[in-house]
Amino acid sequence: LSSPTVHVRRGGQALELPARDLVAGDIVTLEAGNLVSADGRLFESANLRVQEAALTGESVPVDKAIAIIAEGVTALGDRLNMVYMGTAVSYGRGTMIVTSTGMKTELGRLAGLLQSVKREPTPLQRHLEQLGRGLAVAALALVAVVVALGLLRGEELRLMLLTALALAVAVVPEGLATVATITLALGAQRMLKRQALIRMLPAVETLGSVTVICSDKTGTLTQNRMTVTALDVADHQLEFAALLEHQPAEASPELTVLLAGAALCNDAVAAAKPDAPATIGDPTEAALIVAADQLGLSKPALETRFPRVSELPFDSDRKRMTTVHRSAEDGELPGGWPLEAATHTAFTKGATDGLLEVCSRVLVGGAAVPLSDEWRKRIVVAQDDFAGRQMRVLGLAYR
């Protein structure tokens with residue numbers, strides 16, 4: 001779960017070392033996309049966010065800081081000035097000093113706890129064990145009675161011993177193990193048809209004995225991956241799944257700007273694959289890249305046509321992120337691109353209410369029209385509708 005190499009500062013020199021060579025006291029630099037290779041205390045942080053779902057189950061990246069936390073026992077998820085082995089940096093950068101490595105880390109402690117767990121017998125195994133003990137006792141009692149009666153009748157001792165041995169063997173149900181195995185295998189096959197893979201056959205009977213299931217709803221049960229569900233442009237609202245199913249030959253101008261801007265004003269990294277784009281970064285930003293790519297707007301192609309020249313990272317005061325892009329000569333414009341020719345274009349994404357405060361026009365039919373009170377009301381209603389459906393809502397604007 002740790003990265004194979006890390007960037008370390010030792011003796012005033014920057015080195016790239018295998019993660020297994022880290023020791024307590026090393027200074028390690030962290031950047032977006034890095035896997036943390038040891039537990040460490042942060043002393044530099046620039047908008048650093050770390051995905052800690054592997055340790056805490058928290059599906060959203062955690063903002064890290066270098067502030068000292070008050071004395072006392074602090075839960076793992078509340079140690080905002082620490083980073084832990086097995087987690088991933090999703091945004092920003094930082095520098096940490098290694099405090100523990102290997103089995104001394106929090107992930108190592110969990111591994112130790114897992115190794116110390118004793119495997120409990122399943123209900124079926126317990127029942128079969130009880131049956132075996134019962135048959136053994138019954139066999140011994142039967143043998144004793146038969147031998148005793150035979151000797152009382154004057155039978156030979158050798159004959160009675162052979163008879164006792166035959167009775168003892170006959171009591172043992174040789175076919176029981178085979179029957180139980182075949183029955184459990186059939187149960188595992190039926191479970192597989194319901195998309196449940198059973199690794200241990202006795203677990204089939206255990207699962208059948210379950211009456212109550214207690215579960216945690218965080219990243220343990222989900223894929224920790226967000227997807228674009230719905231889009232709202234100036235003239236209408238679209239369900240993204242339906243849009244993909246009935247994908248038009250050329251997207252509307254508003255839709256093109258919306259998805260292209262969302263992919264450009266974005267710090268997630270896309271690594272194209274034949275089947276689906278792989279992304280590294282914040283789950284929300286990764287979802288926007290995937291959505292744009294599914295409609296033919298790949299981030300690498302967009303960045304070639306509109307390279308980023310400046311940015312204002314997201315912060316809690318502005319509630320938005322802004323990037324400025326230069327219009328390059330090489331590269332093709334997306335189909336139906338409605339924006340006027342300009343040397344630079346700025347894209348901003350963030351809270352819809354915050355964007356409405358700084359916007360004066362809205363894109364309708366490929367043209368910018370004044371943002372009237374009627375338009376503002378319509379946008380607020382759309383935002384409330386999405387929020388009421390438990391969606392994470394983002395707005396996009398350009399200049």
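Here are a few notes on one strand neighbourhood and one helix pair in this predicted model.

1. Start with strand β14, which covers residues 344–350. Is it mostly covered or open? Mostly covered: six of its seven residues are buried.

2. β14 has strand β13 (residues 320–326) as a partner, and the two run antiparallel. Seven bridges join them. If you want one pair to find on screen, go to Arg320, whose bridge partner in β14 is Gly350.

3. β14 also pairs with strand β17, residues 395–398. This pairing is antiparallel too, with four bridges. Gly350 turns up again here, standing opposite Gly395 in β17. So as you look at Gly350, check for Arg320 as well as Gly395.

4. Now the helices. α3 (residues 123–152) and α4 (residues 157–171) pack with their axes 9 Å apart, at an angle of about 160°. Anything over 145 degrees counts as roughly antiparallel, and therefore that is how α3 and α4 are described. Their crossing is right-handed.

5. Which residues of α3 meet α4? On the α3 side they are Leu135, Ala139, Val143, Val146, Val147, Gly150 and Leu151. Facing them from α4 are Leu157, Met160, Thr163, Ala164, Leu167, Ala168 and Val171. By type, the residues of this contact split into 12 nonpolar and two polar, with no charged ones. Gly150 in α3 and Thr163 in α4 are both among the residues that meet, and glycine is counted as polar in this tally.

Key
Residues numbered from 1 in each chain as written. Predicted model: local features only at pLDDT ≥ 70, side-chain atom pairs only at ≥ 80, totals over all residues. Heavy atoms only, no water. Buried < 20%, exposed > 50% of the residue type's maximum accessible area, 1.4 Å probe, protein only. Pairing = 2+ DSSP bridges. Axes fitted to C-alpha atoms, helices over the stretch in contact; angles between N-to-C directions. Parallel < 35°, antiparallel > 145°, perpendicular 65-115°, else oblique. Left-handed = near helix turned anticlockwise from the far one by under 90°. Contact = heavy atoms within 4.5 Å.
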